Amino acid sequence: MRRMRLFKRTVKTDAWLALALHGNRLAAASVVRAAGARPRVTLAAIIEGGATQEGLEKAARELHANIYRCSTVLAGGQYQVLAVDAPNVPAEELRTAVRWRLKDLLDFHVDDATIDVLDIPVDKTAAVRQHSMFAVAAKNAVIEQCQKLFALAKIQLLAIDIPEMAQRNISALLETDGRGLALLSFDEDGGLLTVSFNGELYLSRRIDVTLDQLLDPEHERKHQRFEKITLELQRSLDHFDRQFHFINVARLLLAPSAITGLEEYLSTNLYTPVARFDLADVFDLSGVPALAGPVLQQQLFIALGAALRLEETVL
């Protein structure tokens, strides 16, 4: 006898739903990867008030968060990223060894830290290979508060990302074969410079200039901030060239935003070619026509990068 189903079974998907909180705003995105094609954006939304428990609960219902693998992204001031020498220890002892190395580098006690590590690949052609890695550290209280917020909103959080990795995911899709790529973005937390090569993150730098400051129409203040950004970029790229001389950075790309004049200023003052790109260069946006504008592209930039997640490592 055939049995009736009174309740429809929820269909699960392998896709990630990235839920990034910015102030009181929630940026949500999901992406489907397909071989030989640009990743297709299947969901992109900005929800004002979505960063509270009630707003997050409402967003979870509207976005059907229960059918996705869900992740979130820490804000700029909630963690630290430090480059350290890779300890020569077995894999199972790696985090313990890195924790010991971080004890004098963090601005809080290492016993209060949640720590994860990310390898920086070495030059395989070098006779002597100096091996480094990124250590990501966040206060336990920050991680617990984040997990509690999502749990109260009845969202099963499977991963906590950082903006550097989300940006790296987009940078990897824009690389030229055999060349490194620098990518610069701005949001409420300031500027974020990353350099990727062969899909791996090699450099991460924060720049203390916010998006709002760069949208300031006053010419003199804007010019001073352009000068500060240029100096930070020069120092960072020169340092990168010395440390990773086997990587040739082909260009510096500016993430989408409503900032005007920065591309021209940097092109005049940097030796590295500079260009702005559009998210349509990376993603298939045919299902989300509203993403054609730079303001929404900037607001969803990190969420879209996090939605490209392939790794299973979590903080």
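This passage describes the strand pairing and helix packing of a predicted model.

Residues are numbered from 1 along each chain as its sequence is written. Local features need pLDDT of at least 70, side-chain atom pairs count only at pLDDT 80 or more, totals for chains, interfaces and linings use all residues, and side-chain values use heavy atoms, with hydrogens and water left out.

Helices (H or I, at least four residues) and strands (E, at least two) are DSSP runs, numbered from the N terminus. Two strands pair if DSSP finds at least two bridges between them. Strand β1 (residues 16–22) pairs with β2 in the antiparallel sense over six bridges. Ala20 stands opposite Ala27 in β2. The two strands β1 and β2 form a hairpin, with two residues between them. In the turn, Gly23 has a positive phi of about 65 degrees. Strand β2 (residues 25–32) is mostly covered. Seven of its eight residues are buried, that is, under 20% relative accessible area, where over 50% is exposed and values in between are partly exposed (1.4 Å probe, protein chains only). β2 also pairs with strand β3 (residues 40–48), again antiparallel, over eight bridges. Val31 has Val41 in β3 as its bridge partner.

An open sheet of three strands follows the order β5-β7-β6. Its pairing is antiparallel. The edge strands, β5 (80–85) and β6 (113–120), each pair on one side only. Neighbouring strands of this sheet are turned by 25 degrees against each other on average, direction ignored. Axes are lines fitted to C-alpha atoms, for helices over the stretch in contact, and angles run from 0 to 180 degrees between N-to-C directions. β5 and strand β7 (residues 132–139) run antiparallel and are joined by six bridges. Gln80 has Ala137 in β7 as its bridge partner.

Helix α3 (residues 140–152) packs on the sheet and touches β6 and β7. Contact means heavy atoms within 4.5 Å. The direction of α3 makes about 65 degrees with that of β7.

Helix α1 (residues 53–63) also meets α3. Their axes come within 8 Å and cross at roughly 55 degrees. That makes α1 oblique to α3; angles under 35 degrees count as roughly parallel, over 145 as roughly antiparallel, 65 to 115 as roughly perpendicular and the rest as oblique. On the α1 side, Gln53, Leu56 and Glu57 take part. They meet Leu149, Phe150 and Leu152 in α3. By class, this contact of α1 with α3 has four nonpolar, one polar and one charged residues. Ala, Val, Leu, Ile, Met, Phe, Trp, Tyr, Cys and Pro count as nonpolar, Asp, Glu, Lys and Arg as charged, and the others, Gly among them, as polar.
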